[in-house]
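Hi,

Here is the structure I promised to pass on. Have a look at it first, and then read my notes below.

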Amino acid sequence: MMRHLISTLAAAAAFLAVPASAQDMAAPLPPLMPWSGASERLVAAPNDPWITPAEAQNLEATPSYAETRAYIDRLVAASPLLSIETFGRTAQGRELYAVRAAKPGGGRKPVLLAQAGIHSGEIDGKDAGLMLLRDIALRGKHNLLDRADLILVPIFNTDGHERASAYNRPNQRGPRNQGWRTTAQNLNLNRDYLKADTPEMRAMRAFINRLDPALILDLHVSDGIDYQYDITFTFPGWRGSPTHSPAIGRWLDARYRPAVTAALARGGHIPGLYIEPIDPEQPYKGAALSPDTPRFSTGYGELARQPTVLVETHSLKPYRQRVLGTYLLIEESLRLVGAEHQGLERAIATDRAARPKTAVLTWKPLATPLFTIPDFKGIAFETYRSPASGGNEIRWLGRPMNVSLPVFVQAPDTVVTLPAAWWVPATKPEVIERLRVHGITFETLAAPRTVTVDMVRLTEPKLGAANEGHIPLSAKGFVHAKRNETFPAGSVRVPSAQPLALLAAAMLEPESPDSLLAWNFFPEILMRTEYIEGYVIAPLADRMLAADPKLRAEFEAKLKADPKFAADPQARLAWFYQRTPYYDERFLLYPVGRELAR
Ligand SMILES: [Zn+2]
């Protein structure tokens with residue numbers, strides 16, 4: 001996943017001259033530790049008629065969209081257990097599809113959704129999935145479907161997958177042809193969960209809301225620091241880390257984590273917790289297990305009460321090793337969802353039945369670790385002076401070095417009391433449409449209604465740097481005030497007494513870091529309309545000063561405290577204008593209302 005990419009490097013790389021030869025540009029990756037494991041027995045023999053396209057290339061390359069589909073079509077034609085479900089189209093018009101593996105009979109079974117290739121250069125899940133589908137359909141593993149269905153999305157970011165190159169993932173050992181991180185619209189699908197801008201994410205939301213999976217696997221490959229672990233995973237609630245969906249978190253931690261860890265270890269893999277170093281220059285100083293905002297799959301999943309596991313194989317391990325680890329993880333997840341679906345479904349039901357009164361919107365770091373991993377399987381490194389960077393750089397040495405690693409979590413920072421409901425005016429159809437995409441419950445007004453709501457006015461709004469197709473908006477302050485607001489017909493009332501209340505809060509609460517306001521879905525409030533001429537406001541201001549001693553005192557204090565203001569006639573008149581009823585009273589007013597509890 002790699003969130004802390006050195007983006008200046010990425011930007012600079014785009015302007016590099018064409019390399020003199022491929023050899024000159026071969027990425028100088030750190031040394032590799034030797035590996036072999038029982039999972040290697042999963043690889044089909046070279047003469048096997050059902051060898052997958054990746055296996056046929058010794059798990060060093062990955063098939064294209066068309067080659068992948070051709071193999072799947074052949075497999076589906078050969079097995080009554082498999083079928084294809086189309087769920088949408090990409091921005092460039094490619095079909096988005098999933099393979100369903102299910103046994104008829106036995107009523108409705110829990111669904112495991114394995115989503116591969118949200119970052120299409122991180123495609124281990126596709127090739128692992130094809131092998132597992134083959135083994136389920138034709139090689140005796142059909143018992144996995146006795147109590148659960150498997151839905152495999154082989155390539156989520158399909159357009160990005162077709163922008164393949166040997167130069168897309170310099171920190172990753174294979175496959176040779178790697179897809180591109182973002183979509184054809186240059187949007188990162190793992191930042192699009194909540195804002196749902198892309199046709200791919202909208203299609204996936206509708207698909208998931210129809211499937212209601214018991215468990216979702218979001219399959220990635222990680223960059224970042226080197227360590228011995230070849231496959232890592234995480235979920236909100238890991239060893240008691242804070243989560244919005246505590247019952248789901250407890251099930252994942254008590255049942256999923258140990259079972260998957262054991263299955264991977266039996267296959268010869270080295271499973272671990274997916275971590276991010278708190279200080280990249282001192283990789284083993286400590287790790288952060290930070291809550292994700294709902295732009296990410298796991299942050300979204302915990303707010304939407306959908307159990308979601310983030311899987312990150314380690315980019316410095318060879319493709320073959322990573323695919324085999326991913327195979328075991330999907331297989332064990334499927335077995336577990338079937339074997340333990342009652343406990344899992346009870347946890348989901350518990351979290352969906354919760355009606356929280358408050359929502360945590362932001363978090364702050366804690367000084368003491370939640371736990372320490374006493375024998376974290378690190379890799380030895382040294383630092384050296386780089387002539388290129390002019391600074392100290394890390395050189396990984398390829399030797400095991402076990403360390404004691406403290407893991408830090410965060411504590412609630414901004415906590416809001418949920419309103420009884422949010423009111424979204426009909427003038428914001430793109431916001432109302434997103435509520436629908438997420439399956440959030442709301443009622444639509446047939447006639448205008450005037451309600452007393454709490455509304456927020458921004459102070460000192462600031463536009464940020466372009467991010468995911470948006471110019472994000474922040475503000476120094478959010479001033480709440482009660483007002484009577486008339487919402488026209490077509491406006492919606494979103495009650496907070498619903499399973500998706502926390503998702504609605506993340507989307508609509510103005511202080512939420514991933515809110516639609518923060519993504520700047522409301523740029524119109526930044527523009528003040530109408531004006532007042534100097535020959536009107538100047539005499540009016542004189543009259544206000546004469547009539548209101550309190551106002552005069554406030555004005556004089558301002559003159560004294562702010563010499564720049566005192567010397568600026570326009571600013572002085574504007575100060576009075578803001579205090580007249582002529583001023584645009586909707587300027588910087590966030591138009592979503594918060595209906596307070598009665
Ligand atoms: Zn990723």
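A quick definition before the details: two strands count as paired if DSSP finds at least two bridges between them. Please also keep in mind that this is a predicted model.

With that in hand, take strand 13 and strand 14 (residues 392-408): they pair in the antiparallel sense, over 12 bridges. If you want a spot to click on, Phe 381 has Trp 396 in strand 14 as its bridge partner. Both strands belong to an open sheet of four, which runs in the order 8-9-14-13 with mixed pairing. At its edges sit strand 8 (276-277) and strand 13 (371-385), each of which pairs on one side only.

Next, the metal. Which protein atoms hold the zinc ion? The donors are ND1 of His 119, Glu 122 (OE, listed twice) and ND1 of His 220, at 2.0 to 2.8 Å from the zinc ion. Along the sequence, the donor residues follow the spacing H-x2-E-x97-H. The angles among the four donor atoms run from 51 to 148°, and the site is irregular. To count as tetrahedral, four donors would need all angles between 85 and 135 degrees, so anything outside the set geometries goes down as irregular. As for His 119 and Glu 122, both are buried.

Now the inside of the protein. The largest nonpolar core has 79 residues, and Leu 150, Leu 217 and Tyr 256 have the most contacts inside it. Helix 9 (residues 319-339) gives the most to this core, namely 10 residues. Another core, of 69 residues, lies apart from it; Tyr 193, Leu 194, Val 456 and Phe 565 are among its members.

Leu 150 is worth displaying with its surroundings. Leaving out residues up to four places away in sequence, Leu 150 touches a list that includes Val 99, Arg 100, Leu 112, Leu 132, Ile 136, Ile 330 and Leu 334.

One last residue: is Leu 252 buried or exposed? Leu 252 is part of helix 7 (residues 246-266). Its relative accessible area is 1%, so Leu 252 is buried, given that the cut-off for buried is under 20%. Beyond its neighbours within four places in sequence, Leu 252 is in contact with Leu 215, Phe 235, Arg 257 and Val 309. Val 309 is 57 residues away from Leu 252 along the chain, yet their C-alpha atoms are separated by 8.6 Å.

Cheers

Technical notes. Residues are numbered from 1 along each chain as its sequence is written. This is a predicted model: local features need pLDDT of at least 70, side-chain atom pairs count only at pLDDT 80 or more; totals for chains, interfaces and linings use all residues. Side-chain values use heavy atoms; hydrogens and water are left out. Donors are N, O and S atoms within 2.8 Å of the metal (3.2 Å for Na, K and Ca); water is not among the atoms, so sites may look incomplete. Four donors count as tetrahedral if all angles lie between 85 and 135 degrees; four count as square planar and six as octahedral if opposite donors are over 155 degrees apart and all others between 65 and 115; anything else is irregular. Buried means under 20% relative accessible area, exposed over 50%, partly exposed in between (1.4 Å probe, protein chains only). Helices (H or I, at least four residues) and strands (E, at least two) are DSSP runs, numbered from the N terminus. A nonpolar core is a set of buried Ala, Val, Leu, Ile, Met, Phe, Trp, Tyr and Cys residues joined through side-chain atoms within 4.5 Å. Contact means heavy atoms within 4.5 Å.
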